[in-house]
Amino acid sequence: MDLESGHCPRTFKKQSWRSVLMLTYQSLGVVYGDLSTSPLYVYKSTFADDIEHTESNDEIYGVLSFVFWTLTLIPLLKYVFIVLRADDNGEGGTFALYSLLCRQGTIGLSPSHQLADQELSTYKKNDDTVSSIAASGSVTSASIIRRLLEKHQALQVALLILAMIGTSMVIGDGILTPAISVFSAVSGLELSMSKEHHKYVEVPIACLILICLFAVQHHGTHRLGFLFAPIILIWLLCISVIGVYNIFYWNPHVYRALSPYYMYNFLKKTQRGGWMSLGGILLCITGSEAMYADLGHFSQLSIKIAFTFVVYPSLLLAYMGQAAYLSQHHIVRTDYQIGFYVSVPENIRWPIMGIAVLAAVVGSQAVITGTFSIIKQCSALGCFPRVKIVHTSSRTRGQIYIPEINWILMILCLAVTVGFRDTKRLGNASGLAVITVMLVTTCLMSLVMVLCWNKSIILAVCFVVFFGSIEALFFSASLIKFLEGAWVPSALSFMFIAIMFIWHYGTIKKYEFDLENKVSLNWLLSIGPNLGFVRVRGIGVIDTELVSGIPAIFSHFITNLPAFHQVVVFLCIKSVPVPYVQPEERFLVGRVGLKEYRLYRVIVRYGYHDIQKDDSEFERDLVCSIAEFIRSEGSKPVSLSEETENGDEKMTMVSIDSRIRKEKVELEDAPGPSREILVQVRVPKKQVRFALPESLLKREANKEELLELMEAREAGMAFILGHEYMRAKSGSSLVKRLVIDLGYEFLRRNSRGRTYAFNIPHASTLEVAMLYHI
């Protein structure tokens, strides 16, 4: 896909089998790298301390039975057949589920949310279930839950915190997965040297590989991405062949262990030790969440085919082969004799270890890229501080690099690798992060079933009870090992949740302060046609988060410096809870005050996966959108019809021509000329230099205004940005003072400012200091 065109990703509804199979092949390298390398450490983590491998083989058969049914119920049944259907315009992940719930229940939305946002093509659902229910007037479980969520603010906060927990654990998994994958891949060295020496070799080699992995992230994956799929395919083929060899050579009857009876017998014999060993067994499904998180890059069908017919059978053969080998080898001299490499024939052990290292790097790469993506989503929705986002590919959407996050991940990843130095504690930490994300997905999916799919609440409860009980069993086994490594994801999750919650809270409070202190249009009208100050040549763009009214920064500026540009634009760039906004729906343009004032409002809307332009193209789009608004306003007489909604919010529907869509109109409590009309416009094609079509200048109705706009553009554009300092009000609680004065201010000072979002030259930027007492 060409990012420069700005088009949304293609849909996958109508595809040839050739395209589907190509996507299936590509998904192996992006989606299944982490899941495919799990045989490296599952058995070793399971038999670490909690249980012993005895000659009766009850333990190894029980573990194999658990692995088989866990792989079948969680990745195959839950994700492939149920969760993958809950896509947000083709996108998946924790925030995709949260976004769906926000739109369906009208909850947790940004304070700058407008009714016009609900008319976006990507905002609407594909089915008409909700509308048909509303028309019939029937009371359903969906309507009851929706009213409860809309009525009780505490439920909305709980839902947001739940989404934050899942997101923070995904970030934690981005730290732990590279560590355990790479460390397990190089653990084959322990078979070729003594136990006293291999620990001094494994850790440095693993750290060196991890440093190289994070150091090349700024190059992006598009240059080496074509190698990912064949590496994972070769790896899956190798472990399948080795598994088949071990099954037929050592124990052809190992398939009997797939019976659920062996799970019961395993728990009956091992009791508490068997329950605690479940923390190692659940590592067989690590990476399953990637099937849903990476849904936007592929189609549902391609991901389903890849897992059902390639990954799933390959993993089963690998685990059965290891179990067959271990069932005939009961003398365990050291703790690593039960690992993956011991079941690999000695003459091919070194080549297999080389392929395993490559596969671990591919799996880690996918997790790191996914971490970048989810942090971008959080930042776009106001739940994470602004960071520098570098797009590493001009053709493939979604391939991004965040320098600050990359180096933080590398430092933390090296810290846990050096600190733990063994697969057992790394597995305990990774297992808790994985199962927590799955529990969050189960909870959010139950709400999606009721609110979005209009399914029976009984079905949603059955979904939660069935899958939730399985995941709760694994969760309890991981949590019991809190002091043996599981504290790491808990500490990381707490840290990232605190960052997200503080930033979200501070952002909401800042917007509320701006809303309470905005200047009325009556004040603007009272100044007079010249606005009471000198108008200089050029365009002045005032950055604001308000979607209506005059920001306090404007009055603060002209009070101290009574001069401003001949054209003033109040620019609001906001994110909406959809993955993408179509380019023709991106701009909302309106006039503020009288026509002679030359004051305009432009609202630019982006989805949480959209690429915000950071070059001169944005300036051209901005001016062209205003020019198109002026043209449309002067092309025909505008017919206005007013109606009242909910008794307090006036709406004006603007109908001009086919290129203008009906959108929301914001009206201030002022007489006729002060109406502020927001019209959605289509931006013309990009041009090398800014110029207005000659046809626009021939119309007397808008010729003068368009010429003035063009002259102002040629004179230059200046951006006026607010430099805010936030302080808690006197008398505020200690917690609020800590959150605002210390937490939010620290994050604000160390995050990227809004100047970076447009790549504005410093010579064209003017910052106005504002003190916020909230």
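Two strands pair if DSSP finds at least two bridges between them. Helices (H or I, at least four residues) and strands (E, at least two) are themselves DSSP runs, numbered from the N terminus. With those terms, F719 in β11 can be placed: its bridge partner in β12 is T765.

This is a predicted model, in which local features need pLDDT of at least 70 and side-chain atom pairs count only at pLDDT 80 or more, while totals for chains, interfaces and linings use all residues. Residues are numbered from 1 along each chain as its sequence is written, and side-chain values use heavy atoms, with hydrogens and water left out.

Start with the whole protein. Its secondary structure comes to 26 helices and 12 strands. Of its 774 residues, 56% count as buried. Buried means under 20% relative accessible area, exposed means over 50%, and partly exposed lies in between (1.4 Å probe, protein chains only). Contact means heavy atoms within 4.5 Å. Among contacts with a separation of 6 or more, 81% join residues 24 or more positions apart.

Now follow the strands. Strand β12 covers residues 765-773 and pairs with β11 in the parallel sense over 9 bridges. Strand β11 (residues 717-727) also pairs with β3 (residues 534-543), again in the parallel sense, over 4 bridges. There, G540 has A718 in β11 as its bridge partner. From β3 the path leads on to β4. These two run parallel and are joined by 8 bridges. V536 stands opposite H565 in β4. Strand β4 spans residues 563-575, and 12 of its 13 residues are buried, so it is largely enclosed by the rest of the structure. Next comes β6 (residues 599-606), which runs parallel to β4 and is joined to it by 8 bridges. F570 has R601 in β6 as its bridge partner.

Just before this strand sits R598, in the loop between β5 (587-591) and β6. R598 has a positive phi of about 55°, although it is not a glycine. Its relative accessible area is 9%, so R598 is buried.

Turn to the helices. Helix α4 (residues 58-81) packs against helix α18 (residues 457-479) at an angle of about 135°, with axes 12 Å apart. That angle makes α4 oblique to α18. Axes are lines fitted to C-alpha atoms, for helices over the stretch in contact, and angles run from 0 to 180 degrees between N-to-C directions. Angles under 35 degrees count as roughly parallel, over 145 as roughly antiparallel, 65 to 115 as roughly perpendicular and the rest as oblique.

Which residues of α4 and α18 meet? From α4 come T70, L73, I74, L77 and K78; from α18 come F463, F466, F467, I470, E471 and F474. By class, the contact has 8 nonpolar, 1 polar and 2 charged residues. Here Ala, Val, Leu, Ile, Met, Phe, Trp, Tyr, Cys and Pro count as nonpolar, Asp, Glu, Lys and Arg as charged, and the others, Gly among them, as polar.

Helix α4 also holds F66. F66 is buried, with a relative accessible area of 8%. Leaving aside neighbours within four places in sequence, F66 is in contact with M263, F266, L267, L278 and I281. F66 and A257 are 191 residues apart in sequence, yet 9.3 Å apart in space, C-alpha to C-alpha.

One loop residue remains. N454 is found between α17 (423-451) and α18. N454 has a positive phi of about 60° although it is not a glycine. At 28% relative accessibility, N454 counts as partly exposed.
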